[in-house]
Amino acid sequence: MKIVMLGAPGAGKGTQAKKIADKYGIPHISTGDIFRANIKAGTELGMKAKAFMDQGQLVPDEITIGMLMDRIGEPDCEKGYVLDGFPRTIPQAESLTEALGARGEKIDYAINVDVPDENIINRMSGRRACLSCGSTYHIVYAPVRKEGICDRCGAQLVLRDDDKPETVKKRLEVYHDQTKPLIDYYGKAGALCTVDGTQSMEDVFQSIVNILGA
Ligand code: ADP
Ligand code: ADP
Ligand code: ZN
């Protein structure tokens, strides 16, 4: 099962992708997490990506596409995966379609988690992230058991540099310009399913399970 998550920054793609990965036993691949891991490790890729991420801009396709292709070529991806944060541009989607098509494969589901812009700033300012395991929490909607500590792995939680309101506004603009057209792209490919992302996390997940099958 090959799945792509679509939706604005903060729509809940990562939250739902983690649940999908757990339930269906496929890897959760987040390009944002891969970039953040590289920044933390101080790699050259990380340094390059950080300059764009801090401005709320997309990391250029030349960097991102190759990185994602390498990742989905790894052995744990043979039975499928859930992509979170990729593709984010039409050229990224075309590269993915092409690479899969060459092997007679395709994206089975593009799940669009639909949340209006008005709700996004609120979600992002309350988001707390674990840079060790990629879990995200929310100070109101998804509180942790012990303040500042990841429930899943025990690492320290952070407020992401790019979750400041000014940067979030820029990221929303970039989303509307460059990423939203993917809704149409996957619609034409016959893979699009839309869920109402303003529901509770559990209800959003139930809507997704209804689509993917129990
Ligand atoms: P969110 O889902 O909250 O927007 P992500 O963790 O997916 O955040 O992405 C954080 C940042 O990483 C993006 O704003 C962008 O700069 C960069 N990034 C992640 N995925 C991609 C991608 N597929 N193409 C280009 N840039 C990306
Ligand atoms: P994305 O990966 O799309 O950027 P996240 O999964 O990181 O989004 O979610 C953004 C923030 O909103 C996080 O703080 C998360 O805990 C919270 N969140 C996710 N889904 C919901 C929901 N259905 N209702 C309320 N808050 C949510
Ligand atoms: Zn963690």
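**A pocket, a zinc site and the strands around them**

The second largest pocket has a volume of about 300 Å³. This is a predicted model, and everything below is read off its coordinates. The pocket is lined by G14, T15, K18, K19, D22, G134, S135, T136, Y137, A142, R152 and M201. By character, that lining splits into three nonpolar, five polar and four charged residues. Helix 1 (13-24) and strand 6 each contribute at least two of the lining residues. Helix 1 is the biggest contributor, with five.

Strand 6 also belongs to a small piece of sheet. Three strands make up an open sheet in the order 6-5-7, paired antiparallel. Strand 6 and strand 7 are its edges, each pairing on one side only. Strands of a sheet pair through backbone hydrogen bonds, either parallel or antiparallel. Here, strand 5 and strand 6 are held by three antiparallel bridges, and two more bridges, also antiparallel, join strand 5 to strand 7. Going residue by residue, R128 sits opposite Y137 in strand 6, and A129 faces T136 in that strand. On the strand 7 side, A129 stands opposite V158. Both T136 and Y137 turn up in the pocket lining as well.

Strand 5 and strand 6 form a hairpin, with five residues between them. Within that turn, G134 has a positive phi of about 85°. Most residues other than glycine have a negative phi, and most peptide bonds are trans. G134 is another of the residues lining the pocket.

The hairpin leads straight to the metal site. The zinc ion (ligand 3) is held by the SG atoms of C130, C133, C150 and C153, at 2.3 to 2.4 Å. Angles between the four donor atoms run from 101 to 115°, so the arrangement around the zinc ion (ligand 3) is tetrahedral. Along the chain, the donor residues of this ion follow the spacing C-x2-C-x16-C-x2-C. C133 lies in the loop between strand 5 (127-130) and strand 6 (136-138), while C150 lies in the loop between strand 6 and strand 7 (157-158), so the pair ties together parts that are 17 residues apart in sequence. The two cysteines differ in how much of them shows at the surface. C133 is partly exposed, with a relative accessible area of 22%, whereas C150 is buried at 3%.

A separate set of strands pairs in the parallel sense. Strand 1 (residues 2-6) and strand 4 are parallel and share four bridges, and strand 4 (residues 109-114) in turn pairs with strand 8 over five bridges, again parallel. N112 in strand 4 has neighbours on both sides: L6 stands opposite N112, and T194 is the bridge partner of N112 in strand 8. I111, for its part, is opposite C193 in strand 8.

In a regular strand the side chains alternate between the two faces of the sheet. Strand 8 (residues 192-196) shows this pattern nicely: C193 and V195 point to one face and are buried, while L192, T194 and D196 point to the other and are not. So the residue opposite I111 is on the buried face, and the bridge partner of N112 is on the other.

Two further local features deserve a mention. F86 and P87 are joined by a cis peptide bond, with omega at about -5°. P87 itself falls in the loop between strand 3 (81-84) and helix 5 (90-101). Elsewhere, K188 belongs to helix 8 (residues 181-188) and is exposed, with a relative accessible area of 72%. K188 and E94 are 94 residues apart in sequence, yet their C-alpha atoms lie 13 Å apart in space.

How values were computed:
Residues numbered from 1 in each chain as written. Chains lettered and ligands numbered in written order. Predicted model: local features only at pLDDT ≥ 70, side-chain atom pairs only at ≥ 80, totals over all residues. Heavy atoms only, no water. Donors = N, O, S within 2.8 Å, 3.2 Å for Na, K, Ca; no water. Tetrahedral: all angles 85-135°; square planar, octahedral: opposite > 155°, others 65-115°. Buried < 20%, exposed > 50% of the residue type's maximum accessible area, 1.4 Å probe, protein only. 1 Å grid on protein atoms, 1.4 Å probe; cavity = no way out; pocket = protein on both sides within 12 Å on 5 of 7 lines; lining within 4 Å. Points joined across faces, edges and corners; volume = space filled by probe spheres on them. Nonpolar A, V, L, I, M, F, W, Y, C, P; charged D, E, K, R; others polar. Pairing = 2+ DSSP bridges.
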